[in-house]
Amino acid sequence: MNITVNGDELEVRSPGLTSLLRVLRDELDVVGPKAGCEAGGCGACTVLVDGAPRRSCLTAVAAIDGAEVTTVEGLGAADDLSPVQQAFVHYYAAQCGFCTPGMVVAATHYLDSGGSDDRKEIQEALRGHVCRCTGYVKIIEAVAAARGGNFDLTTTAEGGYTTVMTGDAK
Amino acid sequence: MAEATEVLTPDSPEAAAAAFGEGGDVTIIGGGTIMVPLVTHGVVQPNKALILADAGLEGVDQSGTTVTIGAMTSVSALSELDAPLGPCAANLGDSEVRDQATVGGNLCAVAPPEHPTGDLQGAFVALGASVRSTGAGGERIEPVADFLADRDNRLVLDVTYEQPQAGAFESLDRPHTHHPTPLAVSGARLADGSIQLAATGAAPTAVRLPSAEAEASDPDAAGTAALGDVRLVDDAVSSAWYRERILPVLVRRVLEQLG
């Protein structure tokens, strides 16, 4: 079996019923997707499979042989964050950070497929994603604002980020 | 994990039926939303697994008043259909789970004993749908309620129903990504004018509510009567005490919508 992960075509040797999550984390060392409940209930493992968000813990790898998989690692780099990632920084939308990879992947797909900044619609799009720090307000604010992509991030001397909002707050 | 599992990926409905044979030793992976976690956690250790992703069993076909839905059709593909099935499908899990979960898997969903599951089942029961399945003894077409009572070692091929005159769906409004719906009622006024009601979340599989149907002209009385049709489950998602108070309300609302 082969899958393309963030642009790299990789051979998969795990048994066919292994979950995509375990293939990514344990075999391919792509550890952005998190193993939370591993039963489809938390959304921390969500990745894009052929462009659509999918729970990697619910996906047998043999069912997606040949597919293109995008994880949070494929959406931006530390020195080149995507608009959603920038917004998450700006709004402090990550507390412990465990749910963040799934949230960012789902929010990116929501916005890329024309999602609005309506709070209720964002809530519905992220409904399957649990934040046990209960940081939902900041997450929803970040997704709404990311629609404009209006952030100016600079890297601090310590390697962190500071942000300046350059557009109008929504 | 599952090192020795033989994994089959049939590429047509015929190949799927042939690979399934008489069932028995075969674990079916449809969308995977139920079975993959069970395999991951070692609850199910398949000798032989049938992955239906490429079996060509998906699709919604509406010819005239007959609707036929393939077993591998995703739940999200149903969400635009008329009530009760459309709103019932839209109420299941969340958008990612709906994209992945399938109709066949929902009809075969088995949760731990006494825990209700299979959100779509109530809508199909209310619609008087029939299930076409294959397995020992060959193909079988039967009412969904009969299928739910005897579905071991069957491979679902599709589900068919006649468009009702009217339909309605009401559920307990509660986020439930991880759990099947705590309680929902589907109703349909069938082509012949009769009213059928079914509850999901009340018992391990969907149950028809004949006493409530008999009182359909009086929604309040029907709501009370529904309590005589089912022994309500008591579990972590909702107590039986709470279900007993909500079921009559949902039955009443559905009947009011059916008019």
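**Exercise 1. Decide whether B:Asp94 is buried or exposed in this predicted model, and identify its salt-bridge partner in chain A.**

Solution.
Step 1. The relative accessible area of B:Asp94 is 1%. Buried means under 20%, so B:Asp94 is buried.
Step 2. The partner is A:Arg55, and the closest N and O atoms of the two residues are 2.8 Å apart. A salt bridge requires a side-chain nitrogen of Lys or Arg within 4 Å of a carboxyl oxygen of Asp or Glu, and the pair meets this cut-off.
Step 3. A:Arg55 has a relative accessibility of 0% and therefore counts as buried.
Step 4. B:Asp94 lies in the loop between helix 3 (85-90) and helix 4 (95-100) of chain B, while A:Arg55 belongs to strand 4 (residues 52-55) of chain A, so the pair joins two chains.
Step 5. The contact belongs to a network of salt bridges that links A:Arg55, B:Asp94 and B:Glu96.

**Exercise 2. State how many salt bridges are counted over all chains, and examine two that lie in chain B.**

Solution.
Step 1. The count over all chains is 17 salt bridges.
Step 2. One of them joins the side chains of B:Glu213 and B:Arg208, at 2.7 Å from N to O. B:Glu213 is buried, since its relative accessible area is 14%, whereas B:Arg208 is partly exposed at 37%.
Step 3. Another joins the side chains of B:Arg243 and B:Asp235, at 3.2 Å from N to O. B:Arg243 is buried at 1% relative accessibility, and B:Asp235 is buried at 12%.

**Exercise 3. Determine how many disulfides are present, and explain the result for A:Cys99 and B:Cys108.**

Solution.
Step 1. A disulfide is a covalent bond between the sulfur atoms of two cysteines. The cut-off applied here is a pair of sulfur atoms within 2.5 Å.
Step 2. The count is 0 disulfides over all chains.
Step 3. For A:Cys99, the nearest cysteine sulfur is that of A:Cys131, at 4.1 Å, and A:Cys99 is in no disulfide. A:Cys99 is also buried, with a relative accessible area of 10%.
Step 4. For B:Cys108, the nearest cysteine sulfur is that of B:Cys88, 16 Å away, and B:Cys108 is likewise in no disulfide. With 27% relative accessibility, B:Cys108 counts as partly exposed.

**Exercise 4. Name the residues that gather with B:Asp11 in a surface patch, and give the charge of that patch.**

Solution.
Step 1. A:Asp65, B:Asp54 and B:Glu58 gather with B:Asp11 on the surface, and the charge of the patch is negative.
Step 2. B:Asp11 sits in the loop between strand 1 (6-8) and helix 1 (13-20) of chain B.
Step 3. The relative accessible area of B:Asp11 is 61%, so this residue is exposed.

**Exercise 5. Locate B:Ala206 and compare its separation from B:Val185 in sequence and in space.**

Solution.
Step 1. B:Ala206 is in the loop between strand 11 (195-200) and strand 12 (207-208) of chain B.
Step 2. B:Ala206 is buried, having a relative accessible area of 10%.
Step 3. In sequence, 21 residues separate B:Ala206 from B:Val185; in space, their C-alpha atoms are 9.5 Å apart.

**Exercise 6. Describe the secondary structure of chain A and the share of its residues that are buried.**

Solution.
Step 1. Chain A contains 5 helices and 7 strands.
Step 2. Read from the N terminus, these elements follow the order β-β-α-β-β-β-α-α-α-α-β-β.
Step 3. Chain A has 170 residues, of which 48% are buried.

Definitions and conventions: Residues numbered from 1 in each chain as written. Chains lettered and ligands numbered in written order. Predicted model: local features only at pLDDT ≥ 70, side-chain atom pairs only at ≥ 80, totals over all residues. Heavy atoms only, no water. Patch = residues over 30% accessible without salt bridge, like charges linked within 9 Å, V, L, I, M, F, W, Y side chains within 5 Å. Areas by Shrake-Rupley, 256 points an atom, 1.4 Å probe, with all protein chains shown as cover. Lys, Arg positive; Asp, Glu negative; His and termini not counted. Charge placed at Lys NZ, Arg CZ, Asp CG, Glu CD. Helix = DSSP H or I, 4+ residues; strand = E, 2+ residues; numbered from the N terminus. Buried < 20%, exposed > 50% of the residue type's maximum accessible area, 1.4 Å probe, protein only.
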